[in-house]
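I opened this model to look up a few local features. My notes follow in the order I took them.

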Amino acid sequence: MTLLITLFAAIISTVIWYQKESARELKTGILCWMFWGASIMWLVDAIFEYAELHEAYFTPEPADMLNDLYLGLSVVALGLIIWLVILLVKDPKGVVRATLFKKA
């Protein structure tokens, strides 16, 4: 479940990055790298878990699936928070700087 969630997030962020020039200005490439990295991590985890459990890997308990769902959503949320912080610090369009230094 975590693999699927992060994989969908990686695909969606990559499509957005590829299609829109304005998205590239907003550092969506960083978001793509984070989600693809998480997807690769969960893929390796799935391979090792399958090697350990064999066919039982494909019949998880509902509680395990719910935990994996929460973990996957947490990873995506944390990735978005990190991207937002990077976006605010880098400030590619100068919006934060203009707001902070605007004269009253």
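**Entry 1: long-range pairs**

I started with Asp-64, which sits in helix 4. The model is predicted, so I kept in mind that local features need pLDDT of at least 70. Is Asp-64 buried, partly exposed or exposed? I found a relative accessible area of 41%. Asp-64 therefore counts as partly exposed, since that class runs between the 20% and 50% cut-offs. I then looked up its separation from Ala-9. The two residues are 55 places apart along the chain, and their C-alpha atoms are 21 Å apart.

Next I took Leu-84, another residue for which I noted the place: helix 4. I read 43% relative accessibility for Leu-84, so I wrote it down as partly exposed. How far apart in space are Leu-84 and Leu-31? From C-alpha to C-alpha I get 9.4 Å, with their positions 53 residues apart in sequence.

The third residue was Arg-97, in helix 5, which covers residues 95–100. Arg-97 has 52% relative accessibility. That is over 50%, so Arg-97 counts as exposed. I looked up Ile-40 as its partner: 57 residues away along the chain, and 36 Å away between C-alpha atoms.

**Entry 2: the aromatic pair and its surroundings**

How many aromatic pairs does a search of the whole structure find? It finds two. One of them is formed by Trp-17 and Tyr-18. I noted 6.5 Å from centre to centre and 45° between the planes, and the pair is tilted. A pair of aromatic rings is described by the distance of the centres and the angle of the planes.

I checked how open each partner is. Trp-17 is partly exposed, at 32% relative accessibility. Tyr-18 has a relative accessible area of 60% and is exposed.

What lies over the face of Trp-17? I found Arg-24 there, 5.3 Å from the ring centre.

Trp-17 came up again when I turned to Thr-28, a residue of helix 3. Leaving out residues up to four places away in sequence, Thr-28 touches Trp-17, Ala-23 and Trp-83. Is Thr-28 buried or exposed? Its relative accessibility is 8%, which is under 20%, so I list Thr-28 as buried.

**Entry 3: positive phi**

Most residues other than glycine have a negative phi, and most peptide bonds are trans. I therefore marked residues that go against the rule for phi.

Lys-27 is one: its phi is near 60°, a positive value, and it is not a glycine. Where is Lys-27? It is in the loop between helix 2 (21–25) and helix 3. At 29% relative accessibility I count Lys-27 as partly exposed.

His-54 also has a positive phi, of about 55°, without being a glycine. I placed His-54 in the loop between helix 3 and helix 4. Its relative accessibility is 43%, so His-54 goes down as partly exposed.

**Entry 4: the largest pocket**

I finished with empty space. Rolling a probe the size of a water molecule over the atoms shows where empty space is left.

How much space lies in the largest pocket? I noted about 430 Å³. Its lining is made of 19 residues. Those nearest the centre are Met-1, Glu-49, Tyr-57, Pro-60 and Asp-68. Which elements give two or more residues to the lining? I listed helix 1 (2–19), helix 3 (28–53) and helix 4 (62–90). Helix 3 gives the most, with five residues.

I also sorted the lining by residue type. It has 12 nonpolar residues, two polar and five charged.

Key:
Residues numbered from 1 in each chain as written. Predicted model: local features only at pLDDT ≥ 70, side-chain atom pairs only at ≥ 80, totals over all residues. Heavy atoms only, no water. 1 Å grid on protein atoms, 1.4 Å probe; cavity = no way out; pocket = protein on both sides within 12 Å on 5 of 7 lines; lining within 4 Å. Points joined across faces, edges and corners; volume = space filled by probe spheres on them. Helix = DSSP H or I, 4+ residues; strand = E, 2+ residues; numbered from the N terminus. Nonpolar A, V, L, I, M, F, W, Y, C, P; charged D, E, K, R; others polar. Phe/Tyr/Trp six-rings, centres within 6.5 Å; stacked < 30°, edge-to-face > 60°. Buried < 20%, exposed > 50% of the residue type's maximum accessible area, 1.4 Å probe, protein only. Lys NZ or Arg CZ within 6 Å of the ring centre and 35° of its normal. Contact = heavy atoms within 4.5 Å.
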